[in-house]
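This report covers one protein chain. Please look through the sequence and the structure before reading on.

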Amino acid sequence: MKTDIQRGLVLRNEKCHEHYTTEFLYNLYSSEGKGIFDCRINVLGHLQQGGAPTPFDRNYGTKLGVKAVLWMSEKLQEVYRKGRVFANSGDSACVIGLRKKVVAFSPVTELKKVTDFEHRLPQEQWWLNLRLMLKMLANYQISLTEYISGKMEHVTRRTLSIEKGF
């Protein structure tokens with residue numbers, strides 16, 4: 001920490017040790033790092049539950065709003081003929097969002113094909129291939145040769161088995 005790069009990251013599972021809690025580690029690093037580095041706590045589950053929007057959220061929302069209005073203006077110019085609007089193509093109703101690091105407009109007709117409406121999720125999710133690593137970090141008893149597909153497997157049982165790895 002005394003080098004030019006003064007940042008670090010501590011990752012921990014909430015069930016890794018009963019005494020080494022997030023608060024304990026924060027207090028330990030804060031105490032030992034006075035004058036060298038400072039500490040902050042970010043518990044990801046808590047961050048994902050919403051709350052007050054950050055300046056980034058406000059800025060990003062404004063950018064998406066501007067892109068949406070520009071897109072609508074272009075579409076209206078394309079489909080406006082003789083005083084009437086003909087919005088009967090597949091891309092006349094779209095959802096704006098990130099797709100592979102790029103802000104993109106996805107037609108609702110295409111989204112309908114790749115959506116699991118019962119569970120309100122995409123049918124395929126990129127992060128599902130990381131489940132083996134997530135299970136390893138969560139200290140599950142699993143086989144390292146286990147193949148994990150990118151398809152969603154919904155839990156239908158009420159009890160989970162650690163021996164089976166899920």
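## A ring at the edge of burial

Phenylalanine 105 is partly exposed, with 27% of its relative area accessible. The model is a predicted one, and every value below is computed from it.

Phenylalanine 105 pairs with tryptophan 71 in a stacked arrangement. The ring centres are 5.0 Å apart, and the planes differ by 15 degrees. The two residues sit in distant parts of the chain. Tryptophan 71 belongs to helix α3, phenylalanine 105 to strand β4, and 34 residues separate them. Tryptophan 71 is buried, at 16% relative accessible area. It falls under the 20% cut-off for burial.

## The overall chain

The chain has 166 residues, and 13% of them are buried. Its secondary structure amounts to 5 helices and 6 strands. Along the sequence, the order is α-α-α-β-β-β-β-α-β-β-α.

The accessible surface is about 14,900 Å². Carbon and sulfur atoms account for 56% of that surface. Take the contacts between residues at least 6 apart in sequence: 29% of these join residues at least 24 apart.

## Helix α3 and its buried side

Helix α3 covers residues 55-79. It has 25 residues. From the first C-alpha to the last, the helix reaches 36 Å, close to the 36 Å expected at 1.5 Å a residue.

Which residues of α3 are buried? They are Leu64, Trp71, Lys75 and Val79. What do these buried residues pack against? Their partners are β1 (80-81), β2 (84-85), β3 and β4. Trp71 is also the α3 member of the stacked pair with phenylalanine 105.

## Aromatic pairs

The whole structure contains 3 aromatic pairs. One of them joins phenylalanine 56 and tyrosine 60: the centres are 5.8 Å apart and the planes meet at 5 degrees, so the pair counts as stacked. A plane angle under 30 degrees is what earns that label.

Both residues of this pair lie in helix α3. They are 4 residues apart, about one turn of the helix. An α-helix has 3.6 residues a turn, so residues three or four places apart point the same way. Phenylalanine 56 is exposed, with a relative accessible area of 58%. Tyrosine 60 is partly exposed, at 27%.

## Salt bridges around lysine 75

How many salt bridges does the structure hold? There are 2. Lys75, Glu78 and Asp91 are linked by salt bridges into a network. Lysine 75 is buried, with a relative accessible area of 18%.

One bridge runs from lysine 75 to glutamate 78, with the closest N and O atoms 3.5 Å apart. These two residues are separated by about one helical turn, because they stand 3 residues apart in helix α3. Lysine 75 also forms a salt bridge with aspartate 91, at 2.6 Å from N to O. Lysine 75 lies in helix α3 and aspartate 91 in the loop between β2 and β3, so this pair ties together parts that are 16 residues apart in sequence. Aspartate 91 is partly exposed, at 28% relative accessible area.

## The β3-β4 hairpin

Strands β3 (94-99) and β4 (102-107) pair in the antiparallel sense over 6 bridges. Leucine 98 has valine 103 in β4 as its bridge partner. The two strands form a hairpin with 2 residues between them.

Most residues other than glycine have a negative phi. Which sign does phi take at lysine 100, positive or negative? Lysine 100 has a positive phi of about 55 degrees, although it is not a glycine. Lysine 101 also has a positive phi, near 70 degrees, and is likewise a residue other than glycine.

Lysine 100 lies in the loop between β3 and β4. Lysine 101 lies in that loop too. At 79% relative accessibility, lysine 100 is exposed. Lysine 101 is exposed as well, at 84%. Both values are over the 50% that marks an exposed residue.

Notes
Residues numbered from 1 in each chain as written. Predicted model: local features only at pLDDT ≥ 70, side-chain atom pairs only at ≥ 80, totals over all residues. Heavy atoms only, no water. Buried < 20%, exposed > 50% of the residue type's maximum accessible area, 1.4 Å probe, protein only. Phe/Tyr/Trp six-rings, centres within 6.5 Å; stacked < 30°, edge-to-face > 60°. Pairing = 2+ DSSP bridges. Contact = heavy atoms within 4.5 Å. Areas by Shrake-Rupley, 256 points an atom, 1.4 Å probe, with all protein chains shown as cover. Expected span 1.5 Å × (residues − 1). Salt bridge = Lys/Arg side-chain N within 4 Å of Asp/Glu carboxyl O.
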